[in-house]
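I opened this model to look up its overall build, its aromatic pairs and a few backbone oddities. My entries are below the display.

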Amino acid sequence: METYKIYPICTGIFTHAEKSNFAYQKDAGVKLKAPILCYLVQGNGHNILVDTGGSDSEWAEKYHHPVYQTEDMKPENAIGKFGLKPEDIDIIINTHLHWDHSFNNHLFPNAKIYAQKKEVEFAMAPVPTQYTYYESPQIGMKPQWTQCLDRFEIIDGDYSLMDGIEIIFAPGHTPGFQAVCVNTTDGPFLIASDSTGIIEAWEDNQTQGLPTPSGIHVNLIEYYQTIRKLYPTFDKYHILPGHDPKALEHDCYPYK
Ligand SMILES: [Zn+2]
């Protein structure tokens with residue numbers, strides 16, 4: 001099977017993120033510095049971005065939470081470290097369409113963009129608690145990803161993207177959430193993104209020996225189905241989270 005390398009990219013840092021948003025009912029009131037991560041997957045002749053990060057600091061402060069971001073962290077600049085220009089990205093996979101994962105899709109002009117049907121539908125009419133996460137029309141906003149709808153490849157359920165890369169339907173955090181399983185020389189890694197915002201939530205087995213869901217979710221029944229489907233396959237070393245500084249301790253996965 002084809003193998004790939006996975007590079008974590010920090011596109012900005014939430015300076016006061018609520019920990020219990022990443023691990024349901026855990027340590028309420030504790031604030032974290034939480035990177036907004038996306039992942040570059042390279043191999044088999046492809047440059048794939050899993051998520052495209054969030055906005056600049058000014059926008060984030062106005063509509064969401066304070067974010068620290070340098071010019072170098074902007075995803076269109078951050079890929080320069082790998083010798084890439086925005087045009088070189090040929091595939092984007094949006095794990096979901098929250099603003100901090102899909103804000104910059106339009107900056108990569110040649111990328112085909114993979115998202116779930118249920119996610120696209122929900123993003124345009126979410127439940128009220130998620131209006132701001134989606135920057136949805138109900139609060140008078142226009143989600144940034146709608147700028148390049150013509151490049152969307154809408155999928156419905158599990159999907160084999162190519163040899164060694166599987167998109168896994170993983171609802172819970174959002175109705176159309178998808179994780180990405182990437183084969184490497186050290187076995188499969190799961191880009192879990194916000195289904196496991198921080199590794200501690202995956203390690204935490206106080207709830208019936210299972211990981212803790214994100215505090216932000218739309219359906220806990222589906223979320224636990226997702227956890228039960230994925231938990232037996234991936235130990236914490238093979239999980240790549242959405243907002244944990246630990247992901248940045250290594251420049252590349254696998255590192256062993
Ligand atoms: Zn999210």
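The entries run from the whole chain down to single residues.

**Entry 1: ground rules.** I am working on a predicted model, in which local features need pLDDT of at least 70, side-chain atom pairs count only at pLDDT 80 or more, and totals for chains, interfaces and linings use all residues. I number residues from 1 along each chain as its sequence is written, and side-chain values use heavy atoms, with hydrogens and water left out.

**Entry 2: the whole protein.** I looked up the secondary structure and found seven helices and 12 strands. These are DSSP runs numbered from the N terminus, helices being H or I of at least four residues and strands E of at least two. The C-alpha atoms fill a box of roughly 45 × 40 × 35 Å along the principal axes. The radius of gyration is 17 Å, which agrees with the value near 18 Å for a compact globule of 256 residues. That radius is taken over C-alpha atoms, and the globule rule is 2.2 Å times the number of residues to the power 0.38.

**Entry 3: burial, contacts and charge.** I find 57% of the 256 residues buried. Buried means under 20% relative accessible area, exposed over 50%, and partly exposed in between, with a 1.4 Å probe and protein chains only. The exposed surface is about 10800 Å², and carbon and sulfur atoms supply 51% of it. I note that the areas come from the Shrake-Rupley method with a 1.4 Å probe, and that for residues only the protein chains shown count as cover. Of the contacts with a separation of 6 or more, 66% are between residues 24 or more positions apart; contact means heavy atoms within 4.5 Å. I also looked up the charges: there are 19 positive and 33 negative side chains, and the centres of the two sets lie 2 Å apart. Lys and Arg count as positive, Asp and Glu as negative, while His and the chain ends are not counted. Each charge is placed at NZ of Lys, CZ of Arg, CG of Asp or CD of Glu.

**Entry 4: aromatic pairs.** The structure holds 12 aromatic pairs. Rings of Phe, Tyr and Trp (its six-membered ring) pair if their centres lie within 6.5 Å; planes under 30 degrees apart count as stacked, over 60 as edge-to-face and the rest as tilted. I checked Y114 and Y159: the ring centres are 5.8 Å apart and the planes stand at 40 degrees, so this pair is tilted. Y114 belongs to strand 6 (residues 112-116) and Y159 to strand 8 (residues 159-162), so the pair ties together parts 45 residues apart in sequence. Y114 is buried at 7% relative accessible area, whereas Y159 is partly exposed at 30%. Y253 and Y255 make an edge-to-face pair, 5.8 Å centre to centre with 75 degrees between the planes. Y253 is buried at 4% and Y255 partly exposed at 38%. Both belong to one aromatic cluster with F189 and Y237.

**Entry 5: the cis bond.** I found a cis peptide bond between Y253 and P254, with omega about 0 degrees. P254 sits in the segment after strand 12 (239-241). I recorded the bond because most peptide bonds are trans, just as most residues other than glycine have a negative phi.

**Entry 6: positive phi.** Q25, which is not a glycine, has a phi near 65 degrees. It lies in the loop between strand 1 (5-18) and strand 2 (31-43) and is exposed at 65% relative accessible area. D51 also has a positive phi, about 75 degrees. D51 is in the loop between strand 3 (46-50) and helix 1 (57-63), but is buried at 1%.

**Entry 7: helix 4.** Which residues of helix 4 (residues 117-124) are buried? I get E119, V120, F122 and A123. Their cover includes strand 6, helix 5 (131-134) and strand 7 (152-155).

**Entry 8: two buried loop residues.** G172 is in the loop between strand 9 (165-169) and strand 10 (178-184), with 0% relative accessible area. Leaving aside neighbours within four places in sequence, G172 contacts H217, V218, N219 and Y223. T212 is in the loop between helix 6 (199-203) and helix 7 (220-230) and is buried at 5%. With neighbours within four places again left out, T212 contacts A23, Y24, A201 and D204.
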